[in-house]
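Q: I should like to learn how to read the packing and charge pairing of a protein model. Could you take me through the features in turn?

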Amino acid sequence: MNHSEREVGLDYLGTVIEERLQNGQQVQMTVVGNSMFPLFRNKLDSVILSPIQKRIKKGDVVLYKRTNGQYVLHRIIRYKKGVYSANGDNQYWIETPLFSEQFLGLMTGFHRKNKLYSTSALWYRIYSFVWVVARPLRGFILKILIKIRTWVKHFEKK
């Protein structure tokens with residue numbers, strides 16, 4: 001980072017992002033944090049958020065605002081009688097109750113290594129479905145993924 005750049009968090013940019021989404025504009029933002037790992041890598045991947053134009057469903061990734069004013073990007077894992085529940089792909093606890101009024105934007109795509117991926121792609125829809133269904137097994141799955149990644153990096157060095 002050079003002297004003319006500075007890193008700012010969602011607490012600062014959240015109001016700007018919220019305003020743009022409310023005005024019907026798409027927003028691209030870099031993911032900060034590890035709550036959505038393994039799908040997103042901290043400060044490397046970015047998401048495309050679009051204004052919400054449909055009912056949010058299980059598996060969707062949304063930007064929402066907590067009652068304390070904090071902005072969060074997590075996956076919806078449950079909807080029942082007007083109440084949503086969400087959590088990060090790398091988390092075990094469930095955040096509920098969430099209401100549609102808290103939702104600011106819907107993830108419609110993401111960038112990784114300068115390549116654009118759409119949430120309408122079949123592989124992504126399968127990933128999303130499996131990740132929601134496998135929520136109780138995430139700890140085990142993540143441990144396996146980390147071991148595979150370590151193993152691959154070890155052999156790449158040779």
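**Reading packing and charge pairs**

A: Let us begin with a helix in this predicted model. The buried residues of helix 2 pack against strand 3, strand 4, strand 7, strand 8 (115–118) and helix 3 (138–157).

Q: Which residues of helix 2 are buried?
A: The buried residues of helix 2 are Tyr124, Tyr127, Ser128, Trp131 and Val132. Viewed along the axis of helix 2, they fall within an arc of 125 degrees, so they line one face of the helix. On the other side of helix 2, Leu122, Phe129 and Val133 are exposed.

Q: What span does helix 2 reach from its first C-alpha to its last?
A: Helix 2, with twelve residues, reaches 17 Å, close to the 16 Å expected at 1.5 Å a residue.

Q: How should one read a nonpolar core, and how many residues has the largest one here?
A: In soluble globular proteins, nonpolar side chains tend to be buried together. In this model the largest nonpolar core has 22 residues, and Phe40, Val47, Leu49, Leu63 and Met107 have the most contacts inside it. At least two residues of this core come from each of helix 1 (10–22), strand 1 (27–30), strand 2 (46–50), strand 3 (61–65), strand 4 (71–80), strand 7 (103–112) and helix 2 (122–133). Another core, of ten residues, lies apart from it; Ile56, Val72, Tyr84 and Leu98 are among its members.

Q: Which residues does Met107 touch, not counting those up to four places away in sequence?
A: Met107 touches Phe40, Val47, Ile48, Leu49, Val61, Thr119 and Tyr124 on that count.

Q: Is Leu39, in the loop between strand 1 and strand 2, buried or exposed?
A: Leu39 has a relative accessible area of 4%; the cut-off for buried is under 20%, so Leu39 is buried. Leaving aside neighbours within four places in sequence, Leu39 is in contact with Asp45, Arg75, Asp89, Phe110, Arg112, Tyr124 and Tyr127. The C-alpha atoms of Leu39 and Ile52, 13 residues apart along the chain, are separated by 21 Å.

Q: How should one read charge pairs, and how many salt bridges does the structure hold?
A: Side chains of opposite charge can pair when their charged atoms come close. The structure holds seven salt bridges. In one of them, Glu18 pairs with Lys65, the closest N and O atoms being 3.5 Å apart. Glu18 lies in helix 1 and Lys65 in strand 3, so this pair ties together parts that are 47 residues apart in sequence. Glu18 is buried at a relative accessible area of 15%, whereas Lys65 is partly exposed at 28%.

Q: With which residue does Asp60 form a salt bridge?
A: Asp60 forms a salt bridge with Lys54, and the closest N and O atoms are 3.5 Å apart. Asp60 is buried, with a relative accessible area of 11%, while Lys54 counts as partly exposed at 39%.

Q: Which parts does the salt bridge between Glu95 and Arg66 tie together?
A: The side chains of Glu95 and Arg66 meet in a salt bridge of 2.8 Å, N to O. Glu95 lies in strand 6 and Arg66 in the loop between strand 3 and strand 4, so the pair ties together parts that are 29 residues apart in sequence. Glu95 and Arg66 are both buried. Not counting residues up to four places away in sequence, Glu95 touches Tyr64, Arg66, His74, Tyr84, Ser85 and Ala86.

Q: Which residues are joined into one network by salt bridges that share partners?
A: Arg41, Asp45 and Arg112 are joined in this way.

Terms used: Residues numbered from 1 in each chain as written. Predicted model: local features only at pLDDT ≥ 70, side-chain atom pairs only at ≥ 80, totals over all residues. Heavy atoms only, no water. Core = buried A, V, L, I, M, F, W, Y, C linked by side-chain atoms within 4.5 Å. Buried < 20%, exposed > 50% of the residue type's maximum accessible area, 1.4 Å probe, protein only. Helix = DSSP H or I, 4+ residues; strand = E, 2+ residues; numbered from the N terminus. Contact = heavy atoms within 4.5 Å. Expected span 1.5 Å × (residues − 1). Arc of directions from axis to C-beta. Salt bridge = Lys/Arg side-chain N within 4 Å of Asp/Glu carboxyl O.
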